[in-house]
Amino acid sequence: MEKVDYSKMITPLDYKCGKCDATGCKLWREYQTFSPRLLCVDCACRDQKKINNVDSEGLRVDDDGMQTDQVGWYVPAVPTKDGGGYCGYLDVPDAAVKWWEQLPLRTGIIATA
């Protein structure tokens, strides 16, 4: 994967949904996997059999009524700055969190590198 500049709303070329090829939007990744599959919001909700009540910030209400950014076993896919992989779920730099939160929920709104 290529390097990511969190100050720009541009996603890496290979930052795309592994199911429908959506790009330029928020993606989720399989939790605790070496080579995670990335999914867009719609594909992640279908895959995990979850109601798609995700808002523009990437948050949803889970089965217990709690607000979360997870979709089942999928967590926000936030690339590392050096492009070497994805930030650990509990170890995402503030600039990277803001980058992911500002991405559109669905494709077709921002440019890709």
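Here a biologist and a modeller talk through a predicted model.

Biologist: Glad to have you here! Let's start with the sheet: in what order do the strands of the open sheet come?

Modeller: Happy to help. Strand 2 and strand 5 are the edge strands, since each pairs on one side only. The pairing in this three-stranded open sheet is antiparallel. The order is therefore 2-1-5.

Biologist: And which residue of strand 5 is the bridge partner of Trp28?

Modeller: Strand 1 and strand 5 run antiparallel and are joined by three bridges. Trp28 lies in strand 1. Its bridge partner in strand 5 is Pro76.

Biologist: Now to helix 2, residues 94-102. Which of its residues are buried, and why do they fall on the same side?

Modeller: Around the axis of helix 2, the buried residues cover an arc of only 90 degrees, which puts them on the same side. That buried side packs against strand 1 (28-30) and strand 5 (74-76). The residues in question are Ala96, Trp99 and Trp100.

Biologist: What does the face turned away from that buried side carry?

Modeller: The residues on that face of helix 2 are exposed. They are Asp94, Lys98 and Gln102.

Biologist: On to the largest nonpolar core. Which element gives the most residues to this core?

Modeller: This core has 26 residues, and Tyr15, Leu27 and Trp28 touch the most other members. The elements that give two or more residues to this core are strand 2 (38-39), helix 1 (41-47) and helix 2. The most, four residues, come from helix 1.

Biologist: Leu27 sounds like a good one to click on. Which residue of helix 2 does Leu27 touch?

Modeller: Residues up to four places away in sequence are not counted here. Among the contacts of Leu27 are Tyr15, Cys17, Leu38, Val75 and Pro76. The list also includes a buried residue of helix 2, namely Trp100.

Biologist: How far apart in sequence are the parts that the pair of Trp28 and Trp100 ties together?

Modeller: This is one of four aromatic pairs. The rings are edge-to-face, at 5.2 Å centre to centre with 85 degrees between the planes. Both Trp28 and Trp100 are buried. Trp28 lies in strand 1 and Trp100 in helix 2, so the parts tied together are apart in sequence by 72 residues.

Biologist: What about Tyr31 and Tyr89: how far apart in sequence are the parts that this pair ties together?

Modeller: Tyr31 and Tyr89 are also edge-to-face, with 6.3 Å centre to centre and 85 degrees between the planes. Tyr31 is partly exposed at 32% relative accessibility, and Tyr89 is partly exposed at 26%. Tyr31 lies in the loop between strand 1 and strand 2 and Tyr89 in the loop between strand 5 and helix 2, so the parts are apart in sequence by 58 residues.

Biologist: Which residues do ring pairs link into a cluster?

Modeller: One member, Trp99, is a buried residue of helix 2. The cluster links Trp99 with two tyrosines, so to speak by ring pairs: Tyr6, Tyr15 and Trp99.

Biologist: Last one, on the cysteines: how many disulfides does the count come to?

Modeller: A pair of sulfur atoms must be within 2.5 Å to count. The sulfur of Cys43, a buried residue at 4% relative accessible area, is 3.6 Å from the closest cysteine sulfur, in Cys40, which is too far for a bond. Cys87 is buried at 7%, and its sulfur is 18 Å from the closest one, in Cys25, also too far. The count comes to zero.

Technical notes. Residues numbered from 1 in each chain as written. Predicted model: local features only at pLDDT ≥ 70, side-chain atom pairs only at ≥ 80, totals over all residues. Heavy atoms only, no water. Buried < 20%, exposed > 50% of the residue type's maximum accessible area, 1.4 Å probe, protein only. Arc of directions from axis to C-beta. Contact = heavy atoms within 4.5 Å. Core = buried A, V, L, I, M, F, W, Y, C linked by side-chain atoms within 4.5 Å. Pairing = 2+ DSSP bridges. Phe/Tyr/Trp six-rings, centres within 6.5 Å; stacked < 30°, edge-to-face > 60°.
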